[in-house]
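Let's walk through this assembly together, moving from the way its chains meet to the charged pairs inside them and then out to the surface. Keep the viewer open as you read.

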Amino acid sequence: MSTLGTGLGRAAWLVFERDVRLAFRRWEQVTHPVVFFVMIATLFPLALSPETSLLRDIAPGVVWVAALLSSLLALETLLRADLEDGTLEQLTLSGQPLGWLLFAKTLAHWVLSGLPLVLAAPLVATALAAPGDAVGVLMLALFLGTGVLSFIGAVGAALTLGTRRGSVLLSLLVLPLAMPVLIFGARATDLAMRGEPAGGALMLLGAMLALSVTLAPIAASTAVRISLE
Amino acid sequence: MEHFLAMGGYGRFVWPSYALALAVFAWNIVAARRSFTSARERALRTAAANRAAPTEPKT
Amino acid sequence: MATWTWFHKLASPPYLYRTAGRLLPWLAIPAIVLTLAGAYGGLVRAPADYQQGEAFRIIYVHAPSAWLSLMAYTVMAAAAAVGLIWRMKLAHALAAATAPIGASFTLLCLATGSLWGRPMWGTWWVWDARLTSQLILFFLYLGYMALHSAYDDTQRADRAAGLLAVVGIVNVPIIHFSVYWWNTLHQGSTVLRADGPAMPPSMLVPLLVSFAGYTLGYAALACVRLRAEVLGRERNASWLQELGRG
């Protein structure tokens, strides 16, 4: 491994580790989105009916809408605190490629906000009467999908950093871009619940993850530079 | 003429469509002109202010 | 090298301002003539469709506005990309000038699609792939305009919203693909097909005339809005003083 490579790897690791550590200190940052996720899923049986057959029909959609909304909620914490305490400015001045550091930041954010949703998914799926053998596909689809949401969301969060009324604007920017994730994710879950192969939809989710992981950090770094001007 | 306006029973869908198109064109023309005139007025005011106070450093 | 001088000239605000002003009548008059001719051809000259009857005439409003909404978004994103890469202030002016025009025609496309859907499908709104992706396109336009107006400083607004437009255009094919994929799985073939395989010339010619009219109409409207945006970005420049005298 070249010295440049280790330098980059070390910088990214430091950013990643710092964010994870900070999250342990501000634990509600991790728990609130999960609680929100479970609560949205609770709303649907209350609003519609507790009938098992109906719940089973709407389960994929409910899980994905809830996941989308709660990851949107979590985006607030991705960059805002770092902007306020000046960390973000330090990162842009660090001499390391900003896109790479933001990649590490987004990855940490995914681990802290996306993975808890993946882990909470079996609970929600069971509560919505989804068959047990679909839970594996649901978790895999959520694993890929929340990754895409985090990376797309990072661009939106970076773009709204310089504005005052951030949160509503952030949803307005991110939701249209996130719709393909919703479509493919809900479809994969739906297919799995019907006992059909969901490989196609999962692969499309994976392709979107690959695309967003490579392109979004570049866009996010440009956006951060614009916001910090 | 009445036959033409009826549009084979679809008149109440065809004519509103064309009316909406007209409205969108009209809105676009009015809004574009309004933004142009207001931008021009503002520019002229600033230009006049700059002429009145030439000591101000020009950019 | 010499072929690029026109491009550099366009980067000069007074030149762009005057050029847009000079072009305007050459775009606006043909636009009005062609749009009216297209509407006349569509309403009077074209025969009724053998399946959809007279309701088919909505296509002469619906299809050109659908085309315009996509073309305007492409222009906006391309202009924003030029502005971001070469730091060209005036390319951002074109992007900002395009957004409201594109958004209004996307809305027209949605409204006429709904009006067309009512007699064909029996409801005002069907989650048809075309209509749904147009709706998402409308949201993308709203996002651009909301982000642009959220910044007080025009330069930052231009660059932030421009980046959003570029990210959006990367996503537009993905959104289209996903919506079509979703649609084919959830319902059968759609009744509303704008591109019939074989259209007789009496139907096709008015449609093409409408396309040309709407496109020129966009260009004319963009010229007026572009001049406004140029003026807004050049508050203190000295060439504005000549504007007052002339």
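Among the two pairs of chains that touch, chains B and C share the most contacts. Chains A and B, by contrast, do not touch, and their nearest C-alpha atoms are 20 Å apart. Do keep in mind as you look around that this is a predicted model.

Let's stay with chains B and C for a moment. On the chain C side, 40 residues take part in the contact, and chain B brings 32 residues to it. Together the two chains bury about 3,300 Å², and 71% of that area is on carbon and sulfur atoms. What about polar pairings across this boundary? Two residue pairs are in polar contact between chain C and chain B, both at pLDDT 80 or more, while the count of salt bridges between these chains is zero. If you would like to colour the chain C side by element, the ones that give two or more residues to it are α2 (13–45), α3 (59–85), α4 (89–121), α7 (201–233) and α8 (239–245) of chain C. Of these, α4(C) gives the most, with 11 residues.

Salt bridges do turn up elsewhere: over all chains, the structure holds 11 of them. One to zoom in on joins A:Lys105 and A:Asp82, whose closest N and O atoms are 2.5 Å apart. Because A:Lys105 belongs to helix α5 (residues 98–127) of chain A and A:Asp82 to helix α3 (residues 52–84) of chain A, this pair ties together parts that are 23 residues apart in sequence. Are these two charged residues buried or exposed? A:Lys105 has a relative accessible area of 1%, so it is buried. A:Asp82 is buried as well, since its relative accessible area is 7%, and the cut-off for buried is under 20%. The pair is also part of something wider, for A:Arg18, A:Asp19, A:Asp82 and A:Lys105 are linked in a network of salt bridges.

Chain C has a charged cluster of its own to look at, centred here on C:Arg233 as our guide. This arginine forms a salt bridge with C:Asp158, with 2.6 Å between the closest N and O atoms. The pair links distant parts of the chain, as C:Arg233 sits in helix α7 of chain C and C:Asp158 in helix α6 (residues 154–186) of chain C, 75 residues apart. Both C:Arg233 and C:Asp158 are buried.

C:Arg233 also forms a salt bridge with C:Glu229, again with the closest N and O atoms 2.6 Å apart. This second pairing runs along one helix: C:Glu229 and C:Arg233 both lie in helix α7 of chain C, four residues apart, about one turn of the helix. How do the two partners sit relative to the surface? C:Arg233 counts as buried because its relative accessibility is 12%, whereas C:Glu229, at 22%, counts as partly exposed.

Finally, let's turn to the outside. A:Leu211, A:Leu215, A:Ile218 and C:Val170 make a nonpolar surface patch of about 330 Å². Helix α8 (residues 199–228) of chain A supplies the largest share of this patch, three residues. One of the patch residues, A:Ile218, is found in that helix α8 of chain A. With a relative accessibility of 51%, A:Ile218 counts as exposed, because exposed means over 50%.

Key:
Residues numbered from 1 in each chain as written. Chains lettered and ligands numbered in written order. Predicted model: local features only at pLDDT ≥ 70, side-chain atom pairs only at ≥ 80, totals over all residues. Heavy atoms only, no water. Patch = residues over 30% accessible without salt bridge, like charges linked within 9 Å, V, L, I, M, F, W, Y side chains within 5 Å. Areas by Shrake-Rupley, 256 points an atom, 1.4 Å probe, with all protein chains shown as cover. Salt bridge = Lys/Arg side-chain N within 4 Å of Asp/Glu carboxyl O. Buried < 20%, exposed > 50% of the residue type's maximum accessible area, 1.4 Å probe, protein only. Contact = heavy atoms within 4.5 Å. Buried area = accessible area lost by both parts, 1.4 Å probe. Polar contact = N/O pair within 3.5 Å; in protein donor to acceptor, adjacent residues only side chain to side chain.
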